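This briefing is meant to be read beside the sequence and the coordinates. It takes up charged side-chain pairs and the arrangement of strands and helices.

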Amino acid sequence: MPPSNYITGLGEPFLETAPEECSMTVKIDENEVFRIIEDKRPRVVLVNAPGGLLRQTKELMEKVKERYGVTVIMSGDSCFGVCDTIDDDVEKLQADLALHIGHNAAIREVGNYTYLIDAVDDVEFGEVVETAVKGLAPYKRIGLATFSQHLHQLGPVKEKLEAKGFHVVVGRRNNLMLEGQVFGCDFSAPFPTRSEVDAFVFLGESEFHAVGLALSMGKPTFMLDPYTNEVTDMQAAANERKKRAILAVYKARDARVFGVITGLKEGQKMLGRSNWITKRLEMNGKKVVRLAMRDITTERLAPHREIEAFVQTACPRISVDGFTFDRPVLSIPQADALVALIEGRDPGEFLERAKWIELTVGLIKQ
Ligand code: SF4
């Protein structure tokens with residue numbers, strides 16, 4: 001039995017960075033912002049940041065305005081992840097550069113104008129690691145992972161767990177992800193270490209990332225929340241998401257008319273994947289309507305009444321966490337499972353893969 005402050009969590013909003021209530025301790029790398037402004041001497045700067053960091057971003061932009069006399073324009077569009085860069089908007093708004101806040105990555109620049117600005121959370125994990133040790137005892141080999149704001153805590157937590165006798169593995173950095181880092185759709189740093197670990201430990205208060213890690217790895221996964229000092233076994237939440245994902249695939253199998261949606265966000269342009277899925281559906285006798293949109297919501301899909309099921313090649317979490325759709329809305333891994341199913345093959349564990357989408361942000365300038 002896990003200790004009493006182990007909890008079993010279900011459901012959390014769609015979020016790629018620290019939630020609002022935790023953002024008090026998150027600090028944006030303002031020295032990097034000042035360095036860029038002094039180096040590039042822009043007249044107009046375009047900025048975007050996730051909801052949880054809007055207050056700090058606005059405060060920092062006030063400083064930029066006062067110090068350098070720069071005009072700052074904040075994007076009011078949704079900003080959930082590193083896929084939400086606004087490089088294309090720089091020219092439209094006659095700006096000189098863009099700052100994308102809070103999605104730390106192995107790349108520093110995107111496109112022609114955009115700089116990624118890190119944000120880091122000061123909160124410590126010492127206490128919650130102590131809490132976790134007893135429940136983790138059955139697992140000798142631990143894989144450590146976290147999201148952007150807690151990456152600097154991987155080293156100290158690794159040392160603490162090793163001092164308690166665990167063997168700890170942290171996934172290596174690659175062309176987009178930093179060491180031990182996960183996004184909600186990209187688990188490519190920890191994925192190659194799966195066979196070397198018995199369980200994964202996710203550092204942070206984001207069930208969104210922790211449940212993704214659990215689904216992708218197919219291993220026991222525990223979330224260590226430094227704010228509440230709670231340790232959550234992600235199994236129940238992962239099972240729930242997986243069940244819904246499978247159900248949606250089986251419901252879609254019977255559909256005759258499909259909508260295949262290509263995302264218009266800069267980091268999610270998966271036209272090749274949309275083309276491939278369309279071709280396979282049509283080869284198997286399905287009718288396909290092609291659509292393109294930035295934000296895929298129940299309201300945006302509602303007018304397309306003739307469509308019985310959707311496949312979207314934008315953010316996979318819209319499908320995996322989207323509980324409000326009235327028809328199946330499949331992500332890329334689910335679409336692969338659907339194609340396998342209608343062609344008489346075993347879909348297998350289709351969520352257990354390193355990436356649920358190949359973020360195009362990693363293919364742009366590095
Ligand atoms: S596509 Fe990936 S990076 Fe973008 S919002 Fe979705 S999970 Fe986050």
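What follows covers salt bridges, an open sheet with its helices, and a buried strand with its neighbours.

The model is predicted. It holds 30 salt bridges, and its strands include a five-stranded open sheet with mixed pairing as well as β11, which is largely enclosed by the rest of the structure because five of its five residues are buried.

**Salt bridges**

- Side chains of opposite charge can pair when their charged atoms come close.
- Lys-269 and Asp-88 meet through their side chains in a salt bridge with an N to O distance of 3.6 Å. Lys-269 lies in the loop between β14 (257-263) and α8 (271-283), whereas Asp-88 belongs to helix α3 (residues 87-92), so this pair ties together parts that are 181 residues apart in sequence. Lys-269 is partly exposed at a relative accessible area of 41%, and Asp-88 is likewise partly exposed, at 42%.
- A salt bridge also joins the side chains of Asp-198 and Arg-141, at 3.0 Å from N to O. Because Asp-198 sits in the loop between β10 (167-170) and β11 (199-203) and Arg-141 in strand β9 (residues 141-146), the pair ties together parts that are 57 residues apart in sequence. Asp-198 counts as partly exposed at 25% relative accessibility, as does Arg-141 at 30%.
- In the pair formed by Lys-242 and Glu-349, the side chains meet in a salt bridge at 2.9 Å, N to O. Lys-242 is part of helix α7 (residues 235-253) and Glu-349 of the segment after α11 (332-342), so parts that are 107 residues apart in sequence are tied together. Lys-242 counts as partly exposed at 29% relative accessibility, and Glu-349 is partly exposed with a relative accessible area of 45%.
- Glu-207, Arg-241, Arg-317 and Asp-321 are joined into one network by salt bridges that share partners.

**The open five-stranded sheet**

- The five strands run in the order β4-β3-β5-β7-β6, with mixed pairing. At the edges stand β4 (71-74) and β6 (109-110), each of which has a single partner strand, so one side of each is left without a neighbour in the sheet.
- Within this order, strand β3 (residues 44-48) pairs with strand β5 (residues 97-101) in the parallel sense over four bridges, and Asn-48 stands opposite His-100 in β5.
- Helix α1 (residues 30-40) packs on the sheet and touches β3, β5 and β7 (114-117), its direction making about 160 degrees with that of β7.
- Helix α2 (residues 54-68) also packs on the sheet, where it touches β3, β4 and β5, and its direction makes about 165 degrees with that of β4.

**Strand β11 and its partners**

- In a regular strand the side chains alternate between the two faces of the sheet. In β11, Ala-199, Val-201 and Leu-203 point one way and Phe-200 and Phe-202 the other way, and all are buried.
- β11 pairs with β9 in the parallel sense over five bridges, with Leu-144 standing opposite Val-201 in β11.
- β11 also pairs with strand β12 (residues 221-225), in the parallel sense over four bridges, and the bridge partner of Leu-203 in β12 is Leu-224.
- From β11 the chain passes through helix α6 (residues 207-217) to β12, forming a β-α-β crossover that is right-handed.

Terms used:
Residues are numbered from 1 along each chain as its sequence is written. This is a predicted model: local features need pLDDT of at least 70, side-chain atom pairs count only at pLDDT 80 or more; totals for chains, interfaces and linings use all residues. Side-chain values use heavy atoms; hydrogens and water are left out. A salt bridge is a side-chain nitrogen of Lys or Arg within 4 Å of a carboxyl oxygen of Asp or Glu. Helices (H or I, at least four residues) and strands (E, at least two) are DSSP runs, numbered from the N terminus. Buried means under 20% relative accessible area, exposed over 50%, partly exposed in between (1.4 Å probe, protein chains only). Two strands pair if DSSP finds at least two bridges between them. Contact means heavy atoms within 4.5 Å. Axes are lines fitted to C-alpha atoms, for helices over the stretch in contact, and angles run from 0 to 180 degrees between N-to-C directions. A crossover is right-handed if, with the strands pointing away from the viewer, the path from the first strand over the helix to the second runs clockwise.
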